[in-house]
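Here's one to look at together before anyone plans around it. Have the sequence and the 3D view open, then work through the questions below.

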Amino acid sequence: MNNNFANFIALVKFFSVLMLIIIVVVTTRRLLDSLSSLDSPTSKWKGPIKHKCSDFPECVLCGRKLTIGIRDFCLNHPERFHGNLYCMEHQN
Ligand SMILES: [Zn+2]
């Protein structure tokens, strides 16, 4: 009888801990969801900027990463570079 009662208490403790874990997991998930939903409008705003940054221009001869300034310089002189992008070294 006493052993059964101890088992019952252990079971109750186990389930209370389980419930606590579930509550913590659910609340943290909801918190993370609300945070991600808050992030999505800002990430939408950052979209065009991110696209510009990820669109790395490269030199067509050596594949070297070019700065936006060098890329614009090449694009602004199509008669010289024929619309291709060149690094400082290969512009001459
Ligand atoms: Zn180059």
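A residue is called buried if 20 or more other C-beta atoms lie within 10 Å of its own, and exposed if 12 or fewer do. Keep in mind that this is a predicted model.

Q: Is His-82 buried or exposed?
A: First, find His-82 in the segment after α3. Its C-beta has 9 others within 10 Å. The cut-off is 12 or fewer, so His-82 counts as exposed.

Q: What is the phi of His-82, roughly?
A: His-82 isn't a glycine, yet its phi is positive. The value is about 55 degrees.

Q: Is Cys-59 buried or exposed?
A: Cys-59 sits in the loop between α1 and α2. It has 20 C-beta neighbours inside 10 Å. Because the cut-off is 20 or more, Cys-59 comes out as buried.

Q: Which residues is Cys-59 in contact with, leaving aside its neighbours within four places in sequence?
A: One partner is Leu-85, 26 residues apart from Cys-59 in sequence but 5.2 Å apart in space, C-alpha to C-alpha. The full list is Arg-64, Leu-66, Leu-85, Tyr-86, Cys-87 and His-90.

Q: How many helices and strands does the protein have?
A: Reading from the N terminus, the elements go α-α-α. That comes to three helices and zero strands.

Q: What share of the residues is buried?
A: The protein has 92 residues, and Cys-59 is one of the buried ones. The buried share is 4%.

Q: In which helix is confidence lowest?
A: Across the protein the mean pLDDT is 83, with 79% of residues at 70 or more. Helix α3 (residues 78-81) has the highest confidence, at 96. The lowest, at a mean of 76, belongs to helix α1.

Q: Over which residues is the pLDDT below 50?
A: Where pLDDT is low, the predicted coordinates shouldn't be read in detail. The stretch in question has zero contacts in the model beyond near neighbours in sequence. It covers residues 48-54.

Conventions: Residues are numbered from 1 along each chain as its sequence is written. This is a predicted model: local features need pLDDT of at least 70, side-chain atom pairs count only at pLDDT 80 or more; totals for chains, interfaces and linings use all residues. pLDDT is the predictor's confidence in each residue, from 0 to 100. Helices (H or I, at least four residues) and strands (E, at least two) are DSSP runs, numbered from the N terminus. Two residues are in contact if their C-beta atoms, placed from the backbone, lie within 7 Å.
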